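Reader: Please take me through one part of this model closely. I want to see how a few helices pack against each other, pair by pair.

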Amino acid sequence: MVPDDELLSRSQRGDMEAFVLLIERYQKMLYTIAFRLLGNSEDAADAAQEALVRAYKNLPGFRGDCSFRTWLKYIITNICRDALRRRKRRPTISLEGFQEAEGFLEVADGKVLSSPEEVFLAREGEDVIHKLLQLMNPEYRMTLIMRDIQGFTYDEIAAILGCSVGTVKSRLSRARQFLRQHLLKEQEHLTSPGVYIKKGGEGR
């Protein structure tokens with residue numbers, strides 16, 4: 001496979017075929033990140049498309065201070081941040097597209113889940129995630145996803161969101177606390193007398 005750096009260099013010289021090959025590698029990543037942040041497949045697809053257009057327009061000025069992959073993450077995150085700011089009400093999270101957004105919930109095969117945060121990352125918790133993300137403050141949700149799933153540093157998140165590192169840490173703490181409290185309540189409900197889980201995920 002041709003390295004990113006080579007495709008990037010060719011793209012900056014005007015080779016459209018090289019640019020198409022390059023973005024094909026990251027188109028799914030862009031959609032996945034957008035879906036995590038915006039919550040529905042239509043908005044995610046629009047954001048991913050906008051990110052590709054913005055990347056192409058700004059390609060001549062890309063100096064390689066970070067990897068192309070990381071640069072794309074910055075672009076899509078900023079697009080989603082602006083989209084969330086434009087929303088006049090809380091975004092609605094839909095389960096539609098969870099299967100499309102492969103990688104949204106990743107857990108190593110055979111890994112023992114020992115905390116609510118790890119339960120959050122398990123695929124079987126999609127229904128719980130659906131409810132909790134609907135209730136979570138969008139700023140907390142974005143901070144949580146950027147830090148715990150995308151792997152941005154506190155400084156990077158602060159720069160993208162236009163706030164202090166202290167604010168980032170505060171939002172992250174509140175988001176994690178929110179998840180912990182509500183996941184524990186959900187676990188207590190599922191293990192309470194008279195509640196059992198049948199095959200197929202239906203409880204009674």
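Author: What follows is a close look at three packed helices, with a short note on another helix at the end.

The model is predicted. The three helices are H4 (residues 68-86), H7 (residues 138-149) and H8 (residues 154-161). Two packed helices are described by the angle between their axes and the distance between the axes. Each pair is taken that way here.

Start with H4 and H7. They pack at an angle of about 170°, and their axes lie 11 Å apart. Angles over 145 degrees count as roughly antiparallel, so H4 and H7 are roughly antiparallel to each other. H4 brings Thr77, Cys80, Arg81 and Leu84 to the contact. H7 brings Arg141, Met142 and Met146. By class, the residues of this contact are four nonpolar, one polar and two charged.

Next, H7 and H8. Their axes come within 10 Å and cross at roughly 140°. That angle makes H7 oblique to H8. The crossing is right-handed. On the H7 side are Met142, Thr143, Met146 and Arg147. They meet Tyr154, Ile157, Ile160 and Leu161 of H8. Six residues of this contact are nonpolar, one is polar and one is charged.

The third pair is H4 with H8. These axes come within 10 Å too, and cross at roughly 50°. H4 and H8 are therefore oblique to each other. Their crossing is right-handed. Tyr74, Thr77, Asn78, Arg81 and Arg85 of H4 meet Glu156, Ile160 and Leu161 of H8. The classes here are three nonpolar, two polar and three charged.

Now put the pairs together. In H7, Met142 and Met146 touch H4, and Met142 and Met146 also touch H8. In H4, Thr77 and Arg81 meet H7, and Thr77 and Arg81 also meet H8. In H8, Ile160 and Leu161 meet H7, and Ile160 and Leu161 also meet H4. An α-helix has 3.6 residues a turn, so residues three or four places apart point the same way.

Last, a note on H2. This helix covers residues 16-38 and bends by about 40° at tyrosine 26. At the start of H2, aspartate 15 places a side-chain oxygen within 3.1 Å of the backbone nitrogen of glutamate 17. After H2 comes glycine 39, with a positive phi near 90°.

Key. Residues numbered from 1 in each chain as written. Predicted model: local features only at pLDDT ≥ 70, side-chain atom pairs only at ≥ 80, totals over all residues. Heavy atoms only, no water. Bend = angle between axes of the 7 residues up to and from the residue. Helix = DSSP H or I, 4+ residues; strand = E, 2+ residues; numbered from the N terminus. Polar contact = N/O pair within 3.5 Å; in protein donor to acceptor, adjacent residues only side chain to side chain. Axes fitted to C-alpha atoms, helices over the stretch in contact; angles between N-to-C directions. Parallel < 35°, antiparallel > 145°, perpendicular 65-115°, else oblique. Left-handed = near helix turned anticlockwise from the far one by under 90°. Contact = heavy atoms within 4.5 Å. Nonpolar A, V, L, I, M, F, W, Y, C, P; charged D, E, K, R; others polar.
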